[in-house]
4 protein chains.
Amino acid sequence: MRELRVGLIGAGFMGKAHSLAYAAMPMFFWPAPAIPVRAVIAEATEELAAEGAARFGFESSTGDWRRVIEDPSIDIVDIATPNHLHPEMAIAAAEAGKHIICEKPLARNAAEAKTMLDAVSAAGVVNMVAFNYRRTPAVALAKKYIDEGAIGEILNFRGTYLQDWSADPASPLSWRFQSAIAGSGAVGDIGTHIIDLARYLAGDITSVIGIARTIVPERPKQSGGRDALGTSRTGGELGPVDVDDEMVTMLRFANGAVGSLEATRNGYGRNNFITFEIHGTLGSLFFNYERRDELQVCFADDPSDRRGFRTVYTGPAHPYGEGLWPIPALGIGYGETKIIEAYDFVSAIVNGTPVRPNFEDGYRISLVADAILESSRTQQWVDVDG
Amino acid sequence: MRELRVGLIGAGFMGKAHSLAYAAMPMFFWPAPAIPVRAVIAEATEELAAEGAARFGFESSTGDWRRVIEDPSIDIVDIATPNHLHPEMAIAAAEAGKHIICEKPLARNAAEAKTMLDAVSAAGVVNMVAFNYRRTPAVALAKKYIDEGAIGEILNFRGTYLQDWSADPASPLSWRFQSAIAGSGAVGDIGTHIIDLARYLAGDITSVIGIARTIVPERPKQSGGRDALGTSRTGGELGPVDVDDEMVTMLRFANGAVGSLEATRNGYGRNNFITFEIHGTLGSLFFNYERRDELQVCFADDPSDRRGFRTVYTGPAHPYGEGLWPIPALGIGYGETKIIEAYDFVSAIVNGTPVRPNFEDGYRISLVADAILESSRTQQWVDVDG
Amino acid sequence: MRELRVGLIGAGFMGKAHSLAYAAMPMFFWPAPAIPVRAVIAEATEELAAEGAARFGFESSTGDWRRVIEDPSIDIVDIATPNHLHPEMAIAAAEAGKHIICEKPLARNAAEAKTMLDAVSAAGVVNMVAFNYRRTPAVALAKKYIDEGAIGEILNFRGTYLQDWSADPASPLSWRFQSAIAGSGAVGDIGTHIIDLARYLAGDITSVIGIARTIVPERPKQSGGRDALGTSRTGGELGPVDVDDEMVTMLRFANGAVGSLEATRNGYGRNNFITFEIHGTLGSLFFNYERRDELQVCFADDPSDRRGFRTVYTGPAHPYGEGLWPIPALGIGYGETKIIEAYDFVSAIVNGTPVRPNFEDGYRISLVADAILESSRTQQWVDVDG
Amino acid sequence: MRELRVGLIGAGFMGKAHSLAYAAMPMFFWPAPAIPVRAVIAEATEELAAEGAARFGFESSTGDWRRVIEDPSIDIVDIATPNHLHPEMAIAAAEAGKHIICEKPLARNAAEAKTMLDAVSAAGVVNMVAFNYRRTPAVALAKKYIDEGAIGEILNFRGTYLQDWSADPASPLSWRFQSAIAGSGAVGDIGTHIIDLARYLAGDITSVIGIARTIVPERPKQSGGRDALGTSRTGGELGPVDVDDEMVTMLRFANGAVGSLEATRNGYGRNNFITFEIHGTLGSLFFNYERRDELQVCFADDPSDRRGFRTVYTGPAHPYGEGLWPIPALGIGYGETKIIEAYDFVSAIVNGTPVRPNFEDGYRISLVADAILESSRTQQWVDVDG
């Protein structure tokens, strides 16, 4: 069976998720398109990289990410670092002819993303952005229903991504609150996920208007090399937050649909509350990632005395079901979304088939994100050009 | 015990709801501030009015609504007609010194509403607009929590009012689809309800931008004198719809909060889906009228291992609980919201205390509605002046 | 239009609910089968009765319930008193030729219930027991589905009625905790409601085994004449509870189905948690009264990629929908269940059609309740004879 | 870092789940107590085993499970085969001094389970039964609350395990429907899971009475070597089902609590519907595995105007949170329950600490299962002896 050797850059939370995906993918999708080999992992220091290799099961490690790219045995470069590092790494990897999967958002802004897109286009390598939530089986089922025409023409798409892990002002000044590293805040970090879902399910976005604003202007500085995502109640010196905590938007789609997207880091009680509601001329869909085994669908054509949202639990009869668990509700977790992502990415490399969201999608998502930020400044509707 | 004689204009769905309220109010809130007497009911014809009197328990009936206002024994004029009739009736009633409760929206637009406000102000009569949903006990509980500071300063208010009773293009051309009668569509009919909730809970709205659009441009004309709210699948000749079916908006509040309101008549699977989610600096609230016995509240200060939305079922320990049912979840229905409304209105008359939403509120709600419609035309943020 | 004169005995919580029903019934179901006239109300004292008349809109009042029965103008006797008074009142009313609606449970035990059944049978009067929850539109819809064969043959019925209004040991010693008045505790008070639903939906119960036990053995004695249902945290002298707080049961149905019923007064967080889940050979049903506008139904024959519980909100397309509110989820409350009950009872009187649950049902429900209590003592399965 | 070499017997669904657990455990729980090495996998044939090795990442494979046990390099024997093979394998592994993790139920009945318990006790090896659901973080949180006294003394435990993957009579005659292999049906397969949860959370079970019955008496025979769990609508020759499809029970606990357990394979619309509701003297708990990120808890001491079930999403602040995902609701799937299980098992081997459920628990669970089956035959309460 063919093997694909993976070089992973980044041993944090995303490094963990991707490592799990490579290890588990053939266990789930068998026969596997190829066996991913966890070949080399890079981190900021040799020590961190070595620990990552031991923890995540890589053959070797390095404190210099360029070694990963220079290694001719490596087929796949997996970029799981903070955002500001994506362009340099991805462009180098593309120039080295590596297939690339890059964590989201593709870059800090669309201009940077465009350089990455140009690089992979020139190199002709398989490229993917890790907007994993569209690979939740229930989301893929929503896409299937839409493609089948089951809810008719889409009228309205309403998406949210609400969190509270940093609602507490005592939550530390992670890199996610620093524009030099992250580019933007809620817009880029979580807003782009729901932009991806909107584009995936309702099509191209043509214009937007939004409000993006910072709610917590200062946070305690972090110490130590690791990012403290999700911790809270630390003390110490404060540093400025220069990204947005919240976005509220309206948008228009190419197909005539309208809608809204909201993202916040200050929604107490919401954890990973990624939702969408879609109204069509023949039905409606509702999804909430916090209950991600379920898709709600209402068909207008059901008899009037038997009509209502159906709660469909995804399983073998639904997208990716042949590879997952044998009955519905055994349980889709975060890991499964990443395992499916790895499966589709590896399949694309092996089979030469397209895979999305690719860097083109990542770029267009950044265009939307940039337009939201611009519209918040100008208070005007902004066309999404591309 | 004091009696207040009621003259009701309109024997449709709203006439039913108000009649129930007058009959039941003393049964619930005892000792009652006064006993409402169902004195006279008016409808378009003598026949319809007589039927209304028999059905709704009124002493007499008339086919001429002016008789109600001319009757010196009448204390309360209750206007439960289509929107275009509100101004003339309310102004006449005010000039006759009657206390007035008027169905919502107050008028077809803010200019009309202003004439009504001026009339009641000049007359000094007690006045109320029947935005009943804020009287759902769980909504009143949300208000109580906010006033107590339990969720801190409000950051974001997100409201929806989604329906599907007319999503089917074969649903008839009710007066609610005709601008000459209704003024506007989803904006005025259901959008104003959620505007009322937004103002009640999050305060004054200072600017808005929205999209309002028609989804179903033609519908089968109705025959017969009665409006066919909620029926569907009729056939026959089509007539034009000249009001909006859907609105999507963003808004800013005087207190610095931002938010969004959405209303649609084309959300299959949503029936009377009035929801709000409020994020504050110390907690969050969520309400869904389709499960109206419940309020969801999350307190940021709960210990981290015990924090999450609480589902509070309203009952004797909550607003209006002393008058309703003896235990929670016995069941709040539409009727109860109207019974409470009647209680607060009658109490205001008897006790001289203010009651809201009054015509001032109704006028300001119309200003917001008008601003939404204007912003949809101009594609610009519109300040809400008043 | 024909009038039926009602004599109501009892001006407590149930008196309120029944009064509402008589006043509102013609407003909802029109043309009404007859107009109920609130003629006379009886309570323990003249004073309480007079207050009841003023509050509930009755023409006259009396401190002696026998006056109600002796009054030849009275058509309907409505018994809304504590349980121990039901037999004497109902038998007297039957002998006087009155139609009778009696609050549930019919009596303290089956032997007493049988005397009442014999009396109404001999008198040939219309008789009904006020197990109102089967008149929730969503419950009636479940019955409709079953009768249509939509879920096939019933395999399993699982019912619960869980409450917490008296879970606190400081909650007072209401008559509901005294066997001399109530007969039994959770079994008779709330267990009988779920027995009624089981018989209504799944048919006759042939044998049972259960556990019935007292959890709070003593409670503060009440003072004053009124029962303090739903209050808590009183102090003072304690008195013994001699009824059960909780029942757990298994049961067998005549049609071969099996199941279980549970009722408790000590389920913190459950308020009026009347639920059933029914598994059939072609589908399933689930209902929770706390979200009573909804019925959940799963059809086995739905395509495997679109199968799941449908959440059907009851409205005009469902049982009783023509008389209730014009769209689903406007809101069914406790009052509506009683309004429907009154409608069916009055219709039976006017039209001579059968109405259920009648005293025969009430007697058979008491047989089941008695069998549960017996099985708890003997720890043996007990056949339900009748 | 210490390594533990694993020999896995069985390459089906459970082999997949366990392989994932060994691969992922150090990624999640770091520093890991030891690194599990996927050393050897056994299946019924060399070919199936070789495929399993390739798919699940094992160093070698064998068609003879005894080779696994004879291999002196193997530390852990993991038994993931149908039930009838457990005793021989486990006893052999114990005699060879291997630490053992065995899939559930421990054996076809308590007598067999006892031989396994005796073997591991004599050998002094670490032993565990893979009742994984108690390792769902939300279930572990329920245990934590109970141990902290947060809901007081337990009064009632109500558990269900409802499925529908084989509700269709055309679903094939898997080994799970054959008593010679499985021992029993719903009782042993899924009932034991909920028995485990009942014992874990509410303590020892002292007596039971139940109904166990077969609903679908014949099913299409399977062809080919693999078990078709979760498929349906096959045709062909029918064979007899000689195990139960459904159990309904009542039970008594050593601490005085009562309760019920229900399990069925014929609950259309229920997929992996493992629920428990626990009423205590100070609060209540509710859990539904289909929404497994959530635990519902109600605290009686909350103020009356703020009391209701809290929906707690498990994350870093809850059991096992340090090793899982950085924020709540990123998503717990089936995999995570197995990763935690592997972590606790490996920790016990390395640290010498107890781990449960062990074979003693597995045996006692089988005693309860056997008692349920006996009580169904005798229709008498049966004491659970041990």
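**Exercise 1. How much area is buried between domain 1 of chain A and domain 2 of chain A, and what percentage do carbon and sulfur atoms give?**

Solution.

This is a predicted model, in which local features need pLDDT of at least 70, side-chain atom pairs count only at pLDDT 80 or more, and totals for chains, interfaces and linings use all residues. Residues are numbered from 1 along each chain as its sequence is written, chains are lettered from A and ligands numbered from 1 in the order in which they are written, and side-chain values use heavy atoms, with hydrogens and water left out.

Step 1. Set the bounds. Domain 1 of chain A is 3–132 and domain 2 is 134–378; such bounds come from an automatic or database domain assignment.

Step 2. Read the area. About 4200 Å² is buried between the two domains, and carbon and sulfur atoms give 72% of this. Buried area is the accessible area (1.4 Å probe) that two parts lose on being put together, summed over both.

Step 3. Find the main contributors. In domain 1 of chain A, F29(A), F131(A) and N132(A) lose the most area to domain 2, together 21% of what that side buries.

**Exercise 2. Describe the polar links across this domain interface and the elements behind them.**

Solution.

Step 1. Count salt bridges (a side-chain nitrogen of Lys or Arg within 4 Å of a carboxyl oxygen of Asp or Glu). The rule finds 2 between domain 1 and domain 2 of chain A.

Step 2. Inspect a pair. E103(A) forms a salt bridge with K338(A), with the closest N and O atoms 2.7 Å apart.

Step 3. Assign elements. Helices (H or I, at least four residues) and strands (E, at least two) are DSSP runs, numbered from the N terminus. On the side of domain 1 of chain A that touches domain 2, α1(A) supplies the largest share, 10 residues.

**Exercise 3. Work through the contact between chain D and chain C.**

Solution.

Step 1. Count residues in contact (heavy atoms within 4.5 Å). Chain D gives 46 and chain C gives 45.

Step 2. Take the area. The two chains bury about 3600 Å² between them, 52% of it on carbon and sulfur atoms. R158(D), M250(D) and Y268(D) supply 20% of the area that chain D buries against chain C, more than any other three residues.

Step 3. Add the charges. There are 6 salt bridges between chain D and chain C. In one, D164(C) pairs with R307(D), the closest N and O atoms being 3.9 Å apart.

Step 4. Name the leading strand. β11(D) gives the most to the side of chain D that touches chain C, with 6 residues.
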